[in-house]
Amino acid sequence: MSEPPPVRLRVAPSPTGDPHVGTAYMSLFNLAFARQQGGQFVLRVEDTDRARFRPDSEQQVYDMLRWLGLDWDEGPDKGGPYAPYRQSERLETYRPYVDQLLADGHAYRCWCSSARLVQMREDQQKRKLPTGYDRLCVGLDREARAELPGFSETPVVRMLVPDDPPLQFVDLIRGEVSAPRPDDQVLLKADGFPTYHLAVVVDDHLMGITHVVRGEEWISSTPKHLLLFDWLGWPRPAFAHMPLLRNVDKSKISKRKNPAARLTWFAEQGYLPEALLNFLGLLGYSVPGEEEIFSFERMSESFDWARVNTVGPVFDLDKLGWLNGHYLRELSEPDFAERALPFLQRSGLVGDPASTQELELLAGVVPLVQTRVAVLSELPDLVSFLFVSEESFEVDPAAAAKALTAASAPVLRAAADAVEGMTEWSAAAVQAAVDAALLEDGLGLKRGKAYLPLRAAVCGAAISPPLPESMALLGRERTLRRLRAAADRAEASAPPDVG
RNA sequence: GUCCCCAUCGUCCAGCGGCCCAGGACUCCACCCUUUCAAGGUGGCUACGCGGGUUCGAAUCCCGUUGGGGGCACCA
């Protein structure tokens with residue numbers, strides 16, 4: 001009885017800077033399929049470009065993928081049967097294959113200087129020819145080549161692409177795909193590091209990768225990989241080329257044009273990992289049925305390559321914001337408070353560690369704000385009035401100009417008096433007392449009109465959480481103090497121009 | 001320039017020859033609720049790029065065209 005071999009998938013980020021959303025996007029689809037099939041998911045670090053290498057980048061990738069819950073089975077940090085999982089530590093692994101390719105006549109050394117190569121490409125473009133290496137070095141040894149111009153002392157190794165390379169392959173998402181004829185791609189750089197093309201093929205084979213899931217940008221280099229698999233006598237893995245995430249202008253998503261290209265941005269802004277994951281699952285993909293809100297488990301269990309789109313989706317922050325708001329509202333109040341706390345601490349409103357008093361205040365304000373934010377970073381502005389000291393409390397100038405006018409002074413005074421006379425302190429009691437003083441039985445105002453100056457006085461802004469509840473949380477002393485201060489200020493302000 | 005990929009509302013998706021004069025979601029607009037702002041509810045605007053075929057019948061298949069994207073590095 002032969003068990004089908006378990007599927008093995010991988011994501012292969014390059015540690016060249018802030019982790020990219022694309023890495024999370026690819027990981028999501030790789031993992032969804034791997035889990036559905038009961039296979040493994042490998043994290044391999046492709047750090048063969050030492051010019052762009054950034055030492056802290058690798059850890060950031062780990063942090064962000066873990067934050068999203070996209071955990072891997074094998075990787076540089078956790079090891080595994082095919083270690084090492086960092087390409088820079090596998091240099092010796094690639095060597096014999098380069099030698100074999102050279103010996104079999106599938107590869108050759110090239111001493112062309114980069115200056116010559118640049119020149120060559122320019123000429124080709126000018127003459128409207130397809131660009132590609134002109135094979136000057138084919139059949140030459142070092143001595144012979146050194147006689148010719150554009151010579152460089154340290155050679156690279158290039159693949160010798162035959163006249164009829166395999167250009168067709170089956171893609172899990174696109175079906176039969178044809179790709180362009182490859183160039184004599186460099187396999188081994190002058191510094192002894194393999195290029196991506198050599199390293200992926202060798203590592204994917206050695207690590208038993210059965211499905212290569214990567215971005216559409218790789219379609220055009222797949223023939224190179226096919227050739228390498230064939231030359232080395234290895235079975236070809238299955239390929240799935242995912243659509244590319246786009247900027248609003250439809251170009252490939254980039255850190256320059258889109259803050260959302262950086263994974264760390266989402267955490268900073270206060271997006272929930274579950275919301276981001278759900279959103280990524282909505283891009284270029286849909287779960288059967290009409291549901292849009294779904295978990296990783298749901299996506300994984302029903303996963304189907306045929307449901308992946310071929311069109312590159314625009315990364316639309318509006319929808320993500322809505323989704324995030326949805327997930328935020330679904331959190332229990334204690335959970336919401338827990339997620340919110342770091343944002344209040346970062347903005348200096350709450351100490352680290354938070355005091356019991358601060359935590360109580362936070363717990364009290366959660367039900368007032370949970371439906372009022374799309375991302376957690378909006379929270380500090382909304383609740384700062386509760387956490388700042390009375391000394392540093394300030395009314396927003398625009399709100400003051402609009403609401404703390406001379407005409408509103410009597411309203412503020414009346415409210416202050418009403419609050420002062422209260423015996424029981426609760427939102428309902430505050431509302432009853434204030435309403436009695438200001439509405440029909442009192443000054444005869446409409447509630448909307450009456451609350452405007454109070455809101456500015458107590459919350460310091462024209463927009464705030466519900467007023468009586470806010471006052472209840474603030475406490476009687478602080479409320480009273482703010483009402484009186486605002487009344488003084490309103491009286492002192494210039495009377496309306498009655499010209 | 002050259003090669004390859006792609007094409008349904010502004011955006012994300014559904015649709016895989018008749019159920020579609022195209023459905024859902026986000027955005028936007030209006031109304032309701034309402035102490036502000038949200039949330040919630042109701043309703044509305046908006047799309048099969050174009051031209052040829054194939055077929056009794058096409059958003060769905062084919063060809064062309066236009067448009068968009070990606071590759072063309074000793075970067076991944």
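## Cysteines without a bond

How many disulfides does the count come to? Zero. Keep in mind as you read that this is a predicted model. A quick reminder: a disulfide is a covalent bond between the sulfur atoms of two cysteines. To be counted as one here, the two sulfurs have to be within 2.5 Å.

So what keeps cysteine 110 out of a disulfide? Its closest cysteine sulfur belongs to cysteine 137, and at 3.8 Å that is too far for a bond. Now look from the other side: for cysteine 137, the nearest cysteine sulfur is that of cysteine 112, 3.6 Å away, and cysteine 137 is in no disulfide either. Are these residues buried or exposed? Cysteine 110 counts as buried, with 1% relative accessibility, and cysteine 137 counts as buried too, also at 1%.

## Meeting the RNA

Next, turn to RNA strand B. It is surrounded by 62 residues, and the closest are Ser178, Pro180, Gly284, Thr371 and Arg455. Which part of the RNA faces them? Of the atoms of strand B that come within 4 Å of the protein, sugar and phosphate account for 74%. Sorted by class, the surface near the strand has 24 nonpolar, 14 polar and 24 charged residues.

Let's zoom in on some single contacts. Threonine 48 has a side-chain N or O atom 2.8 Å from a phosphate oxygen of RNA strand B. Arginine 447 also goes for a phosphate oxygen, with a polar side-chain atom 2.9 Å away. With arginine 52, the partner is a base oxygen, 3.3 Å from an N or O atom of the side chain. As for the elements around the strand, those that give two or more residues to the nearby surface are α4 (114-126), β4 (151-159), β6 (175-178), α11 (317-330), α18 (447-459) and α19 (467-474).

## A three-stranded sheet

Strand β4 also turns up in a sheet. Three strands line up in the order β3-β4-β7, with antiparallel pairing, and the sheet is open. What does that leave at the edges? There you find β3 (107-112) and β7 (186-188); each has a single partner strand, so one side of each has no neighbour in the sheet. On average, and ignoring direction, neighbouring strands here are turned by 55° against each other.

Want to trace one pairing yourself? Strands β4 and β7 run antiparallel and are joined by two bridges. Start at valine 157 and look across to β7, where its bridge partner is leucine 188.

## A parallel pair

In general, strands of a sheet pair through backbone hydrogen bonds, either parallel or antiparallel. You have met the antiparallel kind, so here is the other one: β1 and β2 (residues 40-43) pair in the parallel sense over four bridges. Arginine 8 is a handy place to start, with glutamine 40 in β2 as its bridge partner.

In a regular strand, side chains alternate between the two faces of the sheet. Now look at β1 (residues 8-11), which is covered on both faces. Arg8 and Arg10 are on one side, Leu9 and Val11 on the other, and all of them are buried.

## Backbone oddities

Where are the cis peptide bonds? One runs from alanine 83 to proline 84, with omega near -5°. Proline 84 has its place in the loop between α2 (57-67) and α3 (91-103). Another cis bond joins aspartate 352 and proline 353, where omega is about 5°. Proline 353 is in a loop as well, between α12 (333-346) and α13 (356-369).

The loop between α4 and α5 (142-146) is worth a look too, and lysine 128 is found there. Lysine 128 is no glycine, yet has a positive phi, near 55°. Arginine 135 lies in the loop between α4 and α5 as well, and its phi is positive at about 65° although it is not a glycine. How open are they to the outside? Lysine 128 is exposed, with a relative accessible area of 77%, whereas arginine 135 counts as partly exposed at 30%.

## Apart in sequence

One last pair: threonine 93 and aspartate 203. They are 110 residues apart in sequence, and in space their C-alpha atoms are 8.9 Å apart. You can find threonine 93 in helix α3, where it is partly exposed, at 25% relative accessible area.

Notes. Residues are numbered from 1 along each chain as its sequence is written. Chains are lettered from A and ligands numbered from 1 in the order in which they are written. This is a predicted model: local features need pLDDT of at least 70, side-chain atom pairs count only at pLDDT 80 or more; totals for chains, interfaces and linings use all residues. Side-chain values use heavy atoms; hydrogens and water are left out. A residue is near a molecule or strand if one of its heavy atoms lies within 4 Å of it. A polar contact is a pair of N or O atoms within 3.5 Å; within protein, one must be able to donate a hydrogen and the other to accept it, and residues adjacent in sequence count only if both atoms are side-chain atoms. Ala, Val, Leu, Ile, Met, Phe, Trp, Tyr, Cys and Pro count as nonpolar, Asp, Glu, Lys and Arg as charged, and the others, Gly among them, as polar. Buried means under 20% relative accessible area, exposed over 50%, partly exposed in between (1.4 Å probe, protein chains only). Two strands pair if DSSP finds at least two bridges between them. Axes are lines fitted to C-alpha atoms, for helices over the stretch in contact, and angles run from 0 to 180 degrees between N-to-C directions.
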